[in-house]
Amino acid sequence: MGLGVESILGDSVVTTKLDKAVNWARSYSMWPMVFGTACCGIEFMSVAAARYDLSRFGAEVVRFSPRQADLMIVAGTISFKQAPVLKKIYDQMCEPKWVISMGACACSGGFYDNYTTVQGIDEIIPVDEYISGCPPRPEAVLDAIMRIQEKSQNESIIKERLKNFKGFLDA
């Protein structure tokens with residue numbers, strides 16, 4: 001015999017915190033926006049295919065509109081010419097948003113140590129997870145998505161994320 005709502009409605013009601021319910025829904029419905037510029041973009045295609053099945057983690061709805069995405073996967077080399085475009089797409093995404101830097105080129109510039117290549121996208125936008133490798137393994141991509149899911153389950157719907165980040169394109 002329960003007290004309150006449980007005594008009236010029986011086992012058909014589950015009570016929880018609003019943060020927990022919202023974060024559970026967010027973590028299992030990630031909508032990635034892939035910013036693929038090089039060979040890592042092809043590697044991401046294999047992750048979304050049937051063998052590795054990205055849909056098991058609720059991230060199969062790949063959006064190419066930043067206003068409908070909450071997970072950006074930057075896969076490939078980013079040049080200084082592309083940096084403002086990447087920043088603009090990131091700014092257009094709705095909150096909360098997460099970023100995965102996929103591959104050596106996106107993480108650190110890779111073997112392109114020259115004047116045209118950004119030496120890591122964390123100089124432009126905040127990054128939540130890094131995937132190393134050239135090319136990275138599909139299992140590493142799935143692992144990064146699972147880590148983003150874990151991070152999203154500990155968020156608060158009231159607090160603002162990453163308000164102190166300043167990249168080189170921020171005024």
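1. Let's start with Glu 129. In this predicted model, Glu 129 has a relative accessibility of 9% and counts as buried. The cut-off for buried is under 20% relative accessible area, so the 9% of Glu 129 falls within that class. Glu 129 belongs to strand S4, and two salt bridges described below, one with Arg 147 and one with Lys 151, involve its side chain.

2. Arg 147 is a good residue to visit next. Arg 147 and Glu 129 form a salt bridge in which the closest N and O atoms are 2.6 Å apart. The two residues come from distant parts of the chain: Arg 147 sits in helix H6 (residues 138-152), Glu 129 in strand S4, and 18 residues separate them. While Glu 129 is buried, Arg 147 is partly exposed, at a relative accessible area of 27%.

3. Please look at Lys 151 as well. Its side chain meets that of Glu 129 in a salt bridge, with an N to O distance of 3.2 Å. Here too the pair links distant parts of the chain, with Lys 151 in helix H6 and Glu 129 in strand S4, 22 residues apart. Lys 151 has a relative accessible area of 33%, which means that it is partly exposed.

4. Which side chain meets Arg 147 in a salt bridge at 2.2 Å, N to O? The partner is Asp 143. Both residues lie in helix H6, four residues apart, or about one turn of the helix. Asp 143 counts as partly exposed, at 34% relative accessibility. Through shared partners, salt bridges join Glu 129, Asp 143, Arg 147 and Lys 151 into one network. The structure as a whole holds six salt bridges, among them the three described in these points.

5. Now for the sheet to which strand S4 belongs. Four strands make up an open sheet, ordered S1-S2-S3-S4, with parallel pairing. Strand S1 (32-36) and strand S4 (129-131) are the edge strands, each pairing on one side only. From one strand to the next, the twist averages 15°. Glu 129 therefore lies in an edge strand of this sheet while being buried, at 9% relative accessibility.

6. Finally, a look at the pairing of S2 with S3. Strand S2 covers residues 71-75 and strand S3 covers residues 98-102; they pair in the parallel sense over five bridges. If you would like a place to look in the 3D view, try Val 74, which stands opposite Ser 101 in S3.

Methods. Residues are numbered from 1 along each chain as its sequence is written. This is a predicted model: local features need pLDDT of at least 70, side-chain atom pairs count only at pLDDT 80 or more; totals for chains, interfaces and linings use all residues. Side-chain values use heavy atoms; hydrogens and water are left out. Two strands pair if DSSP finds at least two bridges between them. Axes are lines fitted to C-alpha atoms, for helices over the stretch in contact, and angles run from 0 to 180 degrees between N-to-C directions. A salt bridge is a side-chain nitrogen of Lys or Arg within 4 Å of a carboxyl oxygen of Asp or Glu. Buried means under 20% relative accessible area, exposed over 50%, partly exposed in between (1.4 Å probe, protein chains only).
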